[in-house]
Amino acid sequence: MQILSVPVVAAVALTLSSGLFHLFVYDRMRGRRENLTFALTCISFAVYGVTCAGLYNSTSLPEGMAWQRAQFYVVFVAMIFVLWFIHDFTRMVPRNVLWVFTALGVLCVLVGFFSTGELSYSLSRSLIKEVRLPFGITGVYYEVELGPVMLATNIFGLIGMAYIFLIGVRFFRRGPKSKARYLALALLVMFLCMANDIAVSTGVYPFIYTLEYGFLAVTAFMTMFVVDQVVKASRAREQLRENEERYRVLAENAGFTMWTTDLDLILTHINPSYEMLTGFSVKEALSMGFNGMLTPESASVGMTILNTQYALEMSNPSTAPGSVQFEVQVRRKNKSPLWAETTATFLRNPKGAPVGVVGLTRDISSQKAAEEESLFIQRAVESSSDAIAMCDAEFSHFYHNEAFARLFGYKRPKELMDAGGVMSLYADPKQGDLIAKSIVEQGFWSGEVMARSKKGRHILVDLRANVVSDKSGRFLGLIGTHTDITEKTAVGKALKGSEERYRLVAENTNDVIWTTDLNLQWTYVSPSVYRMRGYHPEEVLEQEFSDVLTRESTQKVLEMFADELERELYQPGPEPRSLVLDMEFLKRDGGTVWGESACTFIRGDKGQVVGVLGITRDITERKKAEEERLKLEERLQQAQKLEAMGTLAGGVAHDFNNLLMGIQGNLSLMLLKLEDSDPLYTRIKNIEQHIKNATGLTRQLLGFARSGKYQVTVTNLNELVSRTASMFGRTRKEIRIKQNLQEDIWPVEVDHGQIEQVLLNLLVNAWQAMPGGGIIYLRSENVTMDNRFAGSYCLPPGKYVRMSVTDTGDGMTPEVRKRVFDPFFTTKEITRGTGLGLASAYGIIQNHGGIINVYSQEGQGATFNIYLPASAKAIVEETEAETTIVQGSETILLIDDEEVIISTGDEVLQALGYKTFVARSPHEALEIFKENMGKIDLVVMDMIMPEMQGFELYDHLVRIKPEVKVLLSSGYSLNGQATTIMEKGCDGFIQKPFNLEQLSQKIRDILDRK
C-alpha cells in the first residue's frame, strides 16, 4: 500500500462509521431528516475515499483510468448529498437552487459516463508521478490531463463548492457558533483543495492533487460533529431522566391535568388526573391529540392562541409573554363537556429555544355554573317589571333596578340615600316605621302602601318585602318588590261603576262581544252572535271552542293563545297586550263567516290572568275584496316581470335578426350567380332553411317580448284552430283531439303565424303532460266580459272570443301553476324544452289585446283559456304571395346604422337592377335626400337608429318631399314606432331577415302603386 493511501483509508473508516451510526442509530432516535442526509453524505465520501485509495495503488494504465473515472462519478454524487445536507442543516439553501444543482450534478455524471476519448482525458502528460513528501517519504500516483468535458464539469463542481462555502459562511455569521465553526472551516479547506486540483489538471500549478485532503477536512468536521452530538445527547438524556423522575411523582399526583406537546401540538405526555377529570384514559387522550380533547370551538380558540404566541416568540422573543391563560370546554366520555382553565407556556431546550408546549388544566365548571347562575339572577332582577330595591342591615339603600328608577325617579342609589333612604319613599313616615319593624320581627310584609316619588307624586304600590339572612341566620338586609297599582285600582273602581253601561252596549252593538275562561270555555256571548252565525247566545255557551271555528282557525287560535298565555305568565309587560286575529266561524246553515277578533286577557284583582275578552266584527266582504286585490297584485307583478324580461328579449331578437339579415343578403347574392345544377346551390338553400328556422326562434322571442304583430288580418279563429289541430294530430298518434267549436264565432284580428305558434305551444304542452297518451279538448265560444272580470286583468269590458285547450294529464302543483308563464321556466328535461313556449304564448296574446290564464289541480289535468277581443270587420281571405324575383331600374336610398346591412343591402339592390344611395345615419340620409330627391324613387329605412328616432326621420323626409315613397325595415315586428310610422302614411313594412324574393316583391309593390 502506498503511503498516500494511509490517511485516506483512516478517513474512510471514520467517515463510514459516522455515516452508519447516523443511519441506523442516531436518526432513529431523533427522527430528523438532516441526520439522514448527513449519513448519506458520509457514506458517499467513504466511497470516494475507496476510489482514491484504489487510484494510488493502481498497477496498470487501464486500472488507473477506471479508478480515475470512478472518482469523477463519486465526487459529484458526494457534492449533491453535501448540498442536501447543508440545506437541511442550515435551512439557508432555497429549494429551487437545490434542485438546479442536483439536476446539473446528475447531468455531469451522465456526460462523464458516456463520453470517451480525448473529450474526457488526454495522455499528453506522463502517466506516473513521483513526489517527495516530508520526512523523506516518496509518493507515487497516476495522473491524466482532463479533457474539455471533464474540465467543464470540474469547473461546475468548483462553482457548486463555492456556493456551498458561501452558505457555510452565512451560517457561521447567523447560526449557532457551536454548529457553524466546524462546518465553515471544513468547507473552506475543501473549496481550496478543489481549486488546487483544477489548477493542477490545467497545468497552471505543478503540485499533487489535494482534493483527498479536502475530503479529510470534511471527514474531520463530520467526526467532531458526531462526537459533539453524541456527548450532548447523552448529557441531555441523563438530565432528562433526572428531571422526569423528579417531576413524575408531582405530575401524577397533582389535582390538575398536566400535559406537554411538541411544536406541532401533538400530545407527548399527560398525567393520570386527566382520566378522573374526563373519563378518558391516558392512552386514549394521547391518541385523540390536542384537538380531540376539546370541543371544536374550544380547539379552534386554543390552536389560534398557541399559534399566535409561537408567532410572537419567533418574531421577537424578548417581547413574547412567558405564559398565556384561556378558558376552554373539555370533552368528557359519555357526558357533556366541562369548562376548564388552561395555563400554557413554551417548553424550551437548554438554549432557550421553544421545542414544545407545557400546560396545566383545572376544572372550573362549578365556578362557571355559579357565575352563570349569578348572572341569570342579576338579569332576571334587572329585567323585572316590578320595582325591586335592597338595603343593608342599617337600612342604607345600596341597589335598585331600572323599574324602580322609572317608578320613583331615582337614577342612582346615592340619590335616594341623600334624600333620606328607603323611609323617605313612604307618604306617611309612621307607616314606613311600622312596616320596617314588622319586616324585621316577622321576616316579611306584604300589602298596599301609599308611596311618594322623587318629584312628590303619590303612587299606590303593592309592596312585598323580605328579610335577607346568611346561612347562620344573621340579618344582612332587606329586599322589597313594589308594583304600581294606582291606575289598576282606579280602573277597578271605575269598572264597577260602569259595568251596567257596558252590559247595555254589549247587548246592543253589531259586533259580537264574548269572554272565555283559561280553558277557552265560553262564559259570555252577546246577542249579536245570532245575526253573525245564526245561533242564540245560550246555544253558543253550550258549544265547545272547536265547534265554533273551522279546523284551520281553531288550530291557529290555540297555538297563538298558548304562546301569548306563556308570555303573559312568564314575561309580563308593563301594559296589557291585545291581539287581533282573523278567524273563520261556522254558521248554522253550514256556511262560514270571517270575523276580525280583538282579544285581550281578563285579569283578577291581583293582576293574574283569569280569562280572555274578545270583540268580533264580520269582515267577510272585506276578506273577499282583499282576495281580489291580492290576485290583481299578483297579475300586475307577473306582467311587470314579463315586461322587463320582454324588453331584453326584444333587443336580443332585433340584433339577431340583423345578423341573420347579413347572412341572408350574402346568400341571396350567391344564389343569383349559381345555377340550380351547381353543387353549392343545394347547400346554400339549406343554409337559407336554417335561417328560416332561426327566424322562427326570433319570432318566439319577439312574441314573448310583446314586440308586435307581423301581419294582422281579420280571421275566423275556428279555421285557424282546426288547421293547426289537424296538422299536429297527424304526428301524434297516441293522443286524440276532440273539437267543440262554436259555429257563429266572432271574427278576430290576429297574426296567423303568431296565433298558430301559440296553439302549437299549447298542444305540445298538453301532449307532454300526457306521456302515456290521452285526450286534448279544443273549445271555442263567444263571451262577453263584464267590468269585474275584465277589470281584474286590466282589459276593457266587451265582446271576446274564448278558445280553451284542456288535457287529461297529471295537472300542476300550485307552485308550478304560479310560474308556468315565466320565461325559461320548465319542469321538463333540458333536452325537451327551453321554457320559452308558454312565455312567448303569453306575450303574443297580451300583444293582441287579450289574456291567457290556466286552471289546474294535481291529478286533474290542466285548461288554458285564451281571450281575444272580437272584431267588427269582415273576414279577409288569405292569398298566396308570389315567390319570383322581380327586378327594376329605379333609384333607391338605403338607410341603416348596421354596416353589414348597408354592405349586403347595397349589393342586393344593385343585383336587382336598382341604382342606390346608402346612408349610415339619419343626418347623412337627410343630406343625400335633399341633394338627390329628384332622382330617388324609394327610401328603404331602418326603424331603430342612433341620433334620431324612426318616426322623426320619416317626418323630415315627408317635409322635404311629401310624395316620397318609404319602405320601413326592422329587426322588430310591426308595432310601437313602426305602427306610428305606418299610420302616418308609410308605404310598406318588411321584417328582417328577408330573402331576395320577398324584398323584390315588396319594392315592386310600392313602386308600381299609384
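Buried means under 20% relative accessible area, exposed means over 50%, and partly exposed lies in between, with a 1.4 Å probe and protein chains only. This is a predicted model, in which local features need pLDDT of at least 70 and side-chain atom pairs count only at pLDDT 80 or more, while totals for chains, interfaces and linings use all residues. Residues are numbered from 1 along each chain as its sequence is written, and side-chain values use heavy atoms, with hydrogens and water left out.

**The whole chain**

Show the protein chain as a cartoon. It has 30 helices and 31 strands; helices (H or I, at least four residues) and strands (E, at least two) are DSSP runs, numbered from the N terminus. Of the 1010 residues, 44% are buried. Now switch to a surface. About 54,300 Å² is exposed by the protein chain, and carbon and sulfur atoms supply 57% of that area. Accessible areas come from the Shrake-Rupley method with a 1.4 Å probe, and for residues only the protein chains shown count as cover. A contact means heavy atoms within 4.5 Å. Among contacts with a separation of 6 or more, 60% are between residues 24 or more positions apart.

**Stop 1: a patch on the surface**

Select V100, L104, L107 and V111. Together they form a nonpolar patch on the surface with about 310 Å² of accessible area. Patches are made of residues with over 30% relative accessible area and no salt bridge; like charges are joined within 9 Å, and nonpolar side chains (Val, Leu, Ile, Met, Phe, Trp, Tyr) within 5 Å. Pick out L104, which is in helix α4 (residues 95–114). L104 counts as partly exposed because its relative accessibility is 34%.

**Stop 2: Q68**

Go to helix α3 (residues 61–90), where Q68 is found. Q68 is buried, at 13% relative accessible area. Add T51 to the selection: 17 residues separate Q68 and T51 in sequence, and their C-alpha atoms are 7.7 Å apart in space.

**Stop 3: salt bridges**

Side chains of opposite charge can pair when their charged atoms come close. A salt bridge is a side-chain nitrogen of Lys or Arg within 4 Å of a carboxyl oxygen of Asp or Glu. How many salt bridges does the structure hold? There are 17.

Select E341 and R362, whose side chains meet in a salt bridge at 3.0 Å, N to O. E341 lies in strand β8 (residues 335–348) and R362 in strand β9 (residues 354–363), so the pair ties together parts that are 21 residues apart in sequence. Is E341 buried or exposed? With a relative accessible area of 16%, E341 is buried, while R362 is partly exposed at 38%.

Next, select K984 and D955. Their side chains form a salt bridge at 2.9 Å, N to O. K984 is in the loop between α29 (977–983) and β31 (988–991), and D955 is in helix α28 (residues 950–960), so this pair ties together parts 29 residues apart in sequence. K984 is partly exposed at 40% relative accessible area, and D955 is partly exposed at 22%.

Move on to R1009 and D1005, which also meet in a salt bridge (2.9 Å, N to O). R1009 has a relative accessible area of 36% and is partly exposed; D1005 is partly exposed too, at 43%.

Finish this stop by selecting D386, D462 and R464, which are linked in a network of salt bridges.

**Stop 4: Y426 and its contacts**

Select Y426, in the loop between α13 (413–418) and α14 (429–442). Y426 is buried, with a relative accessible area of 13%. Which residues does Y426 touch, not counting those up to four places away in sequence? They are G432, I435, V449, M450, A451, R452 and L463. Measure from Y426 to M450: the two are 24 residues apart along the chain, and their C-alpha atoms are separated by 6.4 Å.

**Stop 5: helix α22**

Select residues 752–768, which make up helix α22. Its 17 residues reach 24 Å from first C-alpha to last, close to the expected 24 Å at 1.5 Å a residue; the expected span is 1.5 Å times one less than the number of residues. Because 12 of its 17 residues are buried, α22 is largely enclosed by the rest of the structure. The buried residues include H752, I755, L759, L763 and Q768.

**Stop 6: cysteines**

A disulfide is a pair of cysteine sulfur atoms within 2.5 Å. A search of the whole structure finds zero disulfides. Select C391, which is buried at 6% relative accessible area, then C986, buried at 8%.
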